[in-house]
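Here are a few exercises to work through with the model open. Try each task before reading its solution.

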Amino acid sequence: MIELLGFISYLITLYVYVILASVILSWLMAFGVVNPYNRFVSALAQALAAVTEPVLRPIRNALPDFGGIDFSPLVLLLGLFFIQSVVLPNIAKLFL
């Protein structure tokens, strides 16, 4: 069971990197650093959105409107770090 919890922790870490890549790519596209009409950039943005949007959309709906600032990735990252540092170790303690 400990190995399964370690694997879940690894998947959470991988998803954190995907969220960070999505945020950074959206910033680069918004500030005109990368061309959003490039096929590779467009495909990468669509792939990252397909992976992150199902989780971020309910958070966006629950948060109040902050204007043009999107805090949903920050809320999701805080939740994932909480799960990884508090919930998973306490579940692991039950099996020791």
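**Exercise 1.** Is Leu11 buried, partly exposed or exposed?

*Solution.* Before we start: this is a predicted model, where local features need pLDDT of at least 70 and side-chain atom pairs count only at pLDDT 80 or more, while totals for chains, interfaces and linings use all residues. Residues are numbered from 1 along each chain as its sequence is written, and side-chain values use heavy atoms, with hydrogens and water left out.

Step one: get the cut-offs straight. Buried means under 20% relative accessible area, exposed means over 50%, and partly exposed is in between (1.4 Å probe, protein chains only). Step two: Leu11 has 39% relative accessibility, so it counts as partly exposed. Step three: place it. Leu11 sits in helix 1, which covers residues 2-30; helices here are DSSP runs (H or I, at least four residues), numbered from the N terminus.

**Exercise 2.** Find the nonpolar surface patch that includes Leu11, and say which helix gives the largest share of it.

*Solution.* Start with the rule: patch residues have over 30% relative accessible area and no salt bridge, and nonpolar side chains (Val, Leu, Ile, Met, Phe, Trp, Tyr) are joined within 5 Å, like charges within 9 Å. The areas come from the Shrake-Rupley method with a 1.4 Å probe, and for residues only the protein chains shown count as cover. The patch spans about 1100 Å², and its members include Met1, Phe7, Leu11, Leu14 and Phe95. Helix 1 supplies the largest share, seven residues.

**Exercise 3.** Which residues of helix 1 are buried, and what do they pack against?

*Solution.* Go along the helix and you'll pick out Leu5, Ile12, Tyr15, Val16, Ile19, Ser22, Val23 and Leu25 as buried. A handy reminder: an α-helix has 3.6 residues a turn, so residues three or four places apart point the same way. The buried set packs against helix 2 (39-62) and helix 3, where contact means heavy atoms within 4.5 Å. Just past the end of helix 1, look for Gly32, with a positive phi of about 75 degrees.

**Exercise 4.** Trace the salt bridges of Arg60.

*Solution.* A salt bridge puts a side-chain nitrogen of Lys or Arg within 4 Å of a carboxyl oxygen of Asp or Glu, and the structure holds two. One joins Arg60 to Glu53 at 2.8 Å, N to O. The other joins Arg60 to Asp70 at 2.9 Å, N to O. That second pair links distant parts of the chain, ten residues apart: Arg60 is in helix 2, and Asp70 is in the loop between helix 2 and helix 3. Via shared partners, Glu53, Arg60 and Asp70 form one network. As for exposure, Arg60 is partly exposed at 31%, and so are Glu53 at 22% and Asp70 at 38%.

**Exercise 5.** What does the side chain of Ser72 meet in a polar contact?

*Solution.* Polar contacts are N or O pairs within 3.5 Å; within protein, one atom must be able to donate a hydrogen and the other to accept it, and residues adjacent in sequence count only if both atoms are side-chain atoms. The partner is Asp70, at 2.7 Å. Ser72 belongs to helix 3 and is buried, with a relative accessible area of 0%.

Technical notes: Helices (H or I, at least four residues) and strands (E, at least two) are DSSP runs, numbered from the N terminus.
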